[in-house]
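Biologist: Before we accept any of the labels on this model, I would like to hear how each one is earned.

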Amino acid sequence: MFEDALAQLDARHLLRRLRLTESAPGPVVTIEGRPVILMAANDYLGLATHPALKQAAIDAVVRFGVGSGASRLISGTLPPHADLETALARFKGAEASLVFGSGYLANIGLIPALAGTGALILADRLCHASLIDGCRLSGANFRVFRHRDLAHLEQLLSGRKARRPTLIVTDGVFSMDGDLAPLPDLIALAERHDARLLVDDAHGTGVMGDTGRGTLEHFGVESRLPFQMGTLSKALGGSGAYVAGPSTLIRHLVNHARSFIYTTAPPPATAAAALAALDVIRNEPERRTRLWTNRQRWVEGLVGLGYRIADTASPIVPVLIGQADQALRLAERLLQLGVFAPAIRPPTVPEGTSRIRTTLSSEHRPEHLDQALAAFRQAGHELRLI
Ligand SMILES: *Cc1c(COP(=O)(O)O)cnc(C)c1O
C-alpha cells in the first residue's frame, strides 16, 4: 500500500529522502565522505558550533543533566528556562516570554490559544506550514490571502461579519522566498480593522535589524506590535522557539497552549545555549556584517551568471527553476560538483515554482562562494538553465 503512494510521488519527481550530513553544520560539511560547500542551512551566524554556545550547553548538562525530567508545569522548569525567558523578554522589549520545544510546537500551540471557534484567521498564502497547521487546529474559520497582497487582505477584512475576532498571520521573513512581510502596512491595516497580527520571525531573529532583534526592528515597528514569535533554531543556532509579549498573554499560553503544556520541557542545555546565543548576537555584530557582505557577493554572482532569483531581502536566496525534475537534476549535479543546496519542491512551494533554496552564513569565506558560483555556472550550462 505504501509502495504505490511512494511510486506515484517518485514518478512526479516529488519523492523526498533523507540524506546524511556526516559532520557538524558549517560552511563546509561532509556528505558521503566528501567535503561539500553547504549553501542550505539556516545557521546564518555560525552559532550552531560557536564555542560559547557549546560551552554553555556542556555546563548545563553537567549541572542539570541531559533531560528536564517532566513538562514545564510539573517539575521541568529549570534555571536555564527561567533565565532564557527573562533574557528573551528583554531582547524583544516585551514584558515576558515563553519558550517552546520548537517553532512548530510554538505555532500549533499559540494560534489555537489566540483564535478559537467563531474567530476568523487570515494567513498569507506562503506562510510556514507550522502556522497553517496551527490555523487548522484552532477550529477558527481560516482563509488565505494572496502573498503580501494588502488589497486582498483588506477585501477579506471588510467582508467579514461585524466585530468577528480576527487574527492575521504572516512570516516576518518568508522561509522559502526570503522576502519580507510588509509589516508597517500590515500593522496599519490590522489596527484599522481591529484585528490582531501574529508575526512569525523565525528567519528574522538574529539576522534582521541593526542589532539583530528581527524584522520588526528592521521596519522600526517594534513598539506597535504587542507580541510576536520566533525560533531559537535558525540564526540562534540551537533549537526551540519563543513567544514574547504581555505577561497576561504568556500566562494565558501557560494555561492554554497544549503544545507547551503536554510535552516534556526542552533540555536545559538547549535553553542554556540559546541564552549564550543572545550574548553573541549582542557582542559579535561583525557576524551580521559578514553575513550581509556574503549575501551581496552571492546575489551578484548568481545574477551575473544569468540565474533568476526570487525577490529576496534576506540571506535566503532562492534560485528559481520551475519544474521539480529540473530543480532535482540541478541539485544532484551541484552535489557532484561539491555544493550542497537541495531542491525545494511542492508541496513546500507552489506547483511550477521548484527552486534551489540557497542560504548564506557569516562563516562562508569568499573562496567558498566563488567555488560554489563556479559549480552553479558549470551545472547551469550543462543543464541549459543559463
Ligand atoms: C523553521 C520555521 C518554523 C519552525 O521552527 P522549528 O524550530 O524548526 O520547528 C516556524 N516558522 C517559520 C517561518 C520557519 O521558517
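Biologist: Which residue of β2 is the bridge partner of Thr-30?

Modeller: The partner of Thr-30 in β2 is Pro-35. This is a predicted model, in which residues are numbered from 1 along each chain as its sequence is written, local features need pLDDT of at least 70, side-chain atom pairs count only at pLDDT 80 or more, and totals for chains, interfaces and linings use all residues. Side-chain values use heavy atoms, with hydrogens and water left out.

Biologist: What makes β1 and β2 a pair of strands?

Modeller: Strands here are DSSP runs of E with at least two residues, helices are runs of H or I with at least four, and both are numbered from the N terminus. Two strands pair if DSSP finds at least two bridges between them; β1 (residues 28-31) and β2 (residues 34-38) have four, in the antiparallel sense, and therefore qualify. The two strands form a hairpin with two residues between them, and Glu-32 in the turn has a positive phi of about 50°.

Biologist: Why is the pairing in the sheet β1-β2-β11 called mixed?

Modeller: While β1 and β2 are antiparallel, β2 pairs with β11 (residues 339-340) in the parallel sense over two bridges. In β11, Ile-37 is partnered by Val-339 and Leu-38 by Phe-340. The sheet of three strands is open, in the order β1-β2-β11, and β1 and β11 are its edge strands, each pairing on one side only.

Biologist: How do you know which strands are the edges of the sheet β10-β13-β12?

Modeller: This is an open sheet of three strands with antiparallel pairing, and β10 (316-322) and β12 (343-344) are its edges, since each pairs on one side only. Six bridges join β10 to β13 (residues 354-359), and Val-319 has Ile-356 in β13 as its bridge partner. Helix α14 (residues 324-336) packs on this sheet and touches β10, β12 and β13, where contact means heavy atoms within 4.5 Å.

Biologist: What is the angle between α14 and β13?

Modeller: The direction of α14 makes about 35° with that of β13; axes are lines fitted to C-alpha atoms, for helices over the stretch in contact, and angles run from 0 to 180 degrees between N-to-C directions.

Biologist: What makes the backbone at Arg-148 worth listing?

Modeller: Most residues other than glycine have a negative phi, and most peptide bonds are trans. Arg-148 has a positive phi of about 60° although it is not a glycine, and lies in the loop between β5 (141-145) and α7 (150-158). Pro-346 and Pro-347 are joined by a cis peptide bond, with omega of about 5°, and Pro-347 sits in the loop between β12 and β13.

Biologist: Why do you call the approach of Lys-234 to the ligand a polar contact?

Modeller: A polar contact is a pair of N or O atoms within 3.5 Å; within protein, one must be able to donate a hydrogen and the other to accept it, and residues adjacent in sequence count only if both atoms are side-chain atoms. A polar side-chain atom of Lys-234 lies 2.8 Å from a ligand oxygen atom, so the pair falls within that limit. A backbone N or O atom of Gly-103 is likewise 2.8 Å from an oxygen atom of the ligand.
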